[in-house]
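Please look over the model below before reading the notes that accompany it. They introduce a few local features, grouped by topic.

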Amino acid sequence: MTTPPLYAPAPYGAPMYAAPTQHRGPKSFVATWLFSLFLGIFGVDRFYLGKVGTGLLKLFTLGGAGIWALIDLILVLADKMRDKNGLLLQGYPEHKKVAWIVTGVALVLGMISGGTQASSLPSAAPTSAPAPAPLLEAAPATTAATSPEAPAETTATSAEDEAAASAAAEESAKAEAEASKQAEAEAAASAKAEAEASKKAEEEAAAEAAREEAENGTVSQQNALEKAESYLEFTAFSASGLVEQLEYEGFPKADAKWAVSRLTVDWNEQAAAKAESYMDMTSFSRSGLIEQLEYEGFTNAQAKYGAKSVGL
């Protein structure tokens, strides 16, 4: 019994990989074709596709003396033209037959019209004097003599046209490369500016949060503030004495100072209240009361205010 192969070979002639899907952009094939057919020498088709740089070059060179315009028309009809984003034109499968037929008819009509105008030129020339007989006899000889040179002239013209088309294609590629490079530089500059703006916004938000935290205080600082307010509801304190009391309660010194600095207290009145409580308990001389109040943490001015408030 044979073991079947892990991977069966593909049938002969079958493609091993599926052809990649080519996406089409929003630019219309019909509009691009019409612009290229009738206004191609002015670069309107390339302006429409967003290729401004090559459009200006095509405009200034009048479509590369018509060669570039013809090449672009062929590229459009062959579905090889893309917009500035590299996407194919929309509507090509539906309208390609009509576009080819109309383009062919337009070219044929143009050739017929050109031939008609060329044939009408000798009839319009002045015929004031008949040509002498010797010249008429020599005309076939002249024609016979010049006819072998016609292929050489055609070949030279074709080579010149190819050279002009190649030069126009190189200029177009160069212009597109420069435009792409400029677009990349602008995109990089825009991304850098956005990154700097975002960083600045983050720093400002962090600074604002720090200011709010410093203003509102931490949980420990808020608790210290509430504790300080509760102490002042039943007894008088000096600022330094209240800080020491909060430290005794276990609050960090920095949090205790923060809480006391946030109180709306008249420390002179606190000294007066403390002096009154001392006088209720025992008698003091003025200097002794001032000394006791200073011992409690009041400043000399606050202690003197307290002693004065009780009549000393």
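The notes below deal with a buried acidic residue, a short helix and its surroundings, and aromatic rings.

This is a predicted model, in which local features need pLDDT of at least 70 and side-chain atom pairs count only at pLDDT 80 or more, while totals for chains, interfaces and linings use all residues. Residues are numbered from 1 along each chain as its sequence is written, and side-chain values use heavy atoms, with hydrogens and water left out.

**The surroundings of D83**

- D83 is found in the loop between α5 (67-77) and β2 (88-90), where helices (H or I, at least four residues) and strands (E, at least two) are DSSP runs numbered from the N terminus.
- Although D83 is buried (under 20% relative accessible area, with exposed meaning over 50% and partly exposed in between, for a 1.4 Å probe and protein chains only), D83 has no salt bridge, that is, no side-chain nitrogen of Lys or Arg within 4 Å of a carboxyl oxygen of Asp or Glu.
- The nearest side chain of opposite charge to D83 is that of K27, 7.0 Å away, with Lys and Arg counted as positive, Asp and Glu as negative, and His and the chain ends not counted.
- The side chain of D83 has a polar atom 3.0 Å from the backbone nitrogen of N85, and the side chain of D83 also reaches the backbone nitrogen of L87, at 2.8 Å.
- Apart from neighbours within four places in sequence, D83 is in contact (heavy atoms within 4.5 Å) with G25, P26, K27, L49 and K51.

**Helix α4 and I41**

- Most residues other than glycine have a negative phi.
- L62, in helix α4 (residues 62-65), has a positive phi of about 50 degrees, and L62 is partly exposed at a relative accessible area of 47%.
- A65, which also lies in helix α4, has a positive phi near 60 degrees and is exposed, with a relative accessible area of 68%.
- I41 belongs to the loop between α1 (29-39) and α2 (44-48) and is partly exposed at 35% relative accessibility.
- Although I41 and A65 are 24 residues apart along the chain, their C-alpha atoms are separated by 7.7 Å.
- Leaving out residues up to four places away in sequence, I41 touches K58, L59, L62, G63 and A69.

**Charges over rings**

- K27 lies over the face of Y48, at 4.9 Å from the ring centre, the criterion being NZ of Lys or CZ of Arg within 6 Å of the ring centre and within 35 degrees of the ring normal.
- The charged end of K274 sits over the ring of F237, 5.9 Å from its centre.

How values were computed: Polar contact = N/O pair within 3.5 Å; in protein donor to acceptor, adjacent residues only side chain to side chain.
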